[in-house]
Amino acid sequence: MIATLRQIGLLAGKDLRIEARSRQTLGLVIILGVLIVIVLGLGLGPQQAAGFGAPAVLWVAYLFAGVLCFEKTMAIERHDGAMAGLLLAPVDRGVIYAGKLLSNLALMLAVALVITPAGILFFGFDLSAAPWTFACVIGLSMIGFAAVGTLFSAVVSSTRLQGGLLAMMVFPIALPLVISSTQLLLRVFRDGKAVDGEALAILIAFDAIFLVVSWLVFEWVLEP
Amino acid sequence: MTLISSNPPAPLDSADSGALARAMAVLYWPLAAVLTTVGVFVVCHVPGPNEDQVSLVQRIYYVHLPVAINTFAACLTVFIASIGFLSHRRMWWDDLAEAAARVAVLLGAIVLLTGMIWGRAAWNTWWTWSPRLTFSLILWLLYVVQLMVRASIESRERRAVISAVYGIIAFLDVPLVYLSAKLIEEMHPASYTMEPVQKWTLALWFVPVTMIAGGLISMRYQLARRISAKLAGGTR
């Protein structure tokens, strides 16, 4: 167990070290996310943008930013036969999945830390009622989104397909996350109701199902 | 992945396939056509609650519900075939999954269109984000994406593996989509009390619709098997 966790840490550390030294992904993705928030704010106009559009706008930014992150973390294995090396390493394929998932989550967290305040600020979303609920809901959604995104980024990467395909595969699958988290946040912040247990259960079920299934099927989609 | 045997023993060989196709052309499809015609006739004569426009359009329900349930059956077939492929690595499972995915997209489109026509008459709008409309739309999208993904992968083995993985994930997503869509405010008629004659009409419509759905899956499947046989150079 400890050995597995160490392996996962090593794999995720390797990806994050590469990112820290090359700084190829984060800057690009953060700017893209902020741009999406700004474009939607301008498109909706001052009348529409004020109020409770923030969760939806943030989701659009998270979805596109996430897909870029997932693509980049898998793409670094494409150079110099790194994927073959990774596959030859004496670790379970599920461990490779967990490592990639962890590095994706770290990147998403960094991106969300910039995009979320931008969205909240531009759209005048008042977090003071339940800031921790907001953080938990977004956190749970991110885990589920990254679970599916990591699996399909390996699929797309191994077939050398063009970029749009990953978004096409992940967006429809991630829609339950979008619906339940936005509905939950609207109920808490707009209607002033308590946290909807059913919506929270859907988020947790999504995370649990797709973490387990992705771990199980990951070995089939990897290919040098 | 070299685990896939290139010449799998197919459950259907060429002679069988030809005989089955002929039997379907002579018996199965004419029967489905006759039953559909009977269904249309009955729908035209079954009494509605009252003869306003909504009640007339209400009759689309006899097609809508059986098609919706068959869509779900086709999605279930994709799921079972995907699991079958990943555990047995036989290409005919993949052919079955593809055939069922295509039919699921076709039936899903019919569900959406009939639902929209009914919604236009009942709610005076083509589209609203009610839970069931949202659910049908996302379900349809999931399987459209599966066909798109299949079309963009050249290697037959990779395509089979990836579409099987996607088929499993998509089907597991369906209950989650359904539950999350239910969080949206409801305006779809949840239950509709029916007279016995309306129930029988609905039951009657299940037969041809299920026959057409099953027949289409079977035809696509046989076609895919024949293409596989050709690609394998006439040997199986």
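How many of the residues in chain B are buried? In this predicted model, buried residues make up 46% of the 236 residues in chain B. The chain is built from seven helices and zero strands, so that, read from the N terminus on, its elements run α-α-α-α-α-α-α. Among the contacts in chain B that join residues at least 6 apart in sequence, 80% are between residues at least 24 apart.

Within this helical chain, one charged pair can be followed in some detail. The side chains of B:Asp94 and B:Arg156 meet in a salt bridge, with 3.4 Å from N to O, and because B:Asp94 lies in helix 4 of chain B while B:Arg156 lies in helix 6 of chain B, the pair ties together parts that are 62 residues apart in sequence. B:Asp94 has a relative accessible area of 2% and is therefore buried. The pair also belongs to a wider arrangement, since B:Asp94, B:Asp95, B:Arg150, B:Arg156 and B:Arg225 are linked in a network of salt bridges.

Helix 4 of chain B, which covers residues 91-123, also holds B:Arg102. With a relative accessibility of 35%, B:Arg102 counts as partly exposed. Leaving aside neighbours within four places in sequence, B:Arg102 is in contact with B:Leu147 and B:Arg220, and its C-alpha atom is separated by 7.9 Å from that of B:Tyr143, a residue 41 places away along the chain.

Chain A offers another charged group, centred here on A:Lys100, which is found in helix 5 (residues 93-122) of chain A. Is A:Lys100 buried or exposed? Its relative accessibility is 3%, and for this reason A:Lys100 counts as buried. Side chains of opposite charge can pair when their charged atoms come close. The side chain of A:Lys100 meets that of A:Asp15 in a salt bridge of 3.0 Å, N to O, and this pair links distant parts of the chain, with A:Asp15 in helix 1 (residues 2-22) of chain A and the two positions 85 residues apart. A:Asp15, at 4% relative accessibility, counts as buried.

A:Lys100 also meets the side chain of A:Glu77 in a salt bridge of 2.7 Å, N to O; here the partner sits in the loop between helix 3 (54-75) and helix 4 (82-88) of chain A, 23 residues apart from A:Lys100. Both A:Glu77 and A:Lys100 are buried. In addition, the side chain of A:Lys100 reaches the backbone oxygen of A:Thr73 at 2.9 Å, and the residues that A:Lys100 touches, not counting those up to four places away in sequence, include A:Lys14, A:Met74, A:Ile76 and A:Thr150.

Where the two chains meet, 28 residues of chain B are in contact with 32 residues of chain A. The area buried between them is about 2700 Å², and carbon and sulfur atoms give 78% of it. In chain B, B:Ile169, B:Leu176 and B:Leu183 lose the most area to chain A, together accounting for 25% of what that side buries. Although a search of the whole structure finds ten salt bridges over all chains, the count between chain B and chain A is zero, while two residue pairs are in polar contact across the interface. Helix 5 (131-151) and helix 6 (156-181) of chain B each supply at least two residues of the side that touches chain A, and helix 6 gives the most, with 15 residues. By class, this side of chain B has 22 nonpolar, three polar and three charged residues.

Technical notes. Residues numbered from 1 in each chain as written. Chains lettered and ligands numbered in written order. Predicted model: local features only at pLDDT ≥ 70, side-chain atom pairs only at ≥ 80, totals over all residues. Heavy atoms only, no water. Contact = heavy atoms within 4.5 Å. Buried area = accessible area lost by both parts, 1.4 Å probe. Salt bridge = Lys/Arg side-chain N within 4 Å of Asp/Glu carboxyl O. Polar contact = N/O pair within 3.5 Å; in protein donor to acceptor, adjacent residues only side chain to side chain. Helix = DSSP H or I, 4+ residues; strand = E, 2+ residues; numbered from the N terminus. Nonpolar A, V, L, I, M, F, W, Y, C, P; charged D, E, K, R; others polar. Buried < 20%, exposed > 50% of the residue type's maximum accessible area, 1.4 Å probe, protein only.
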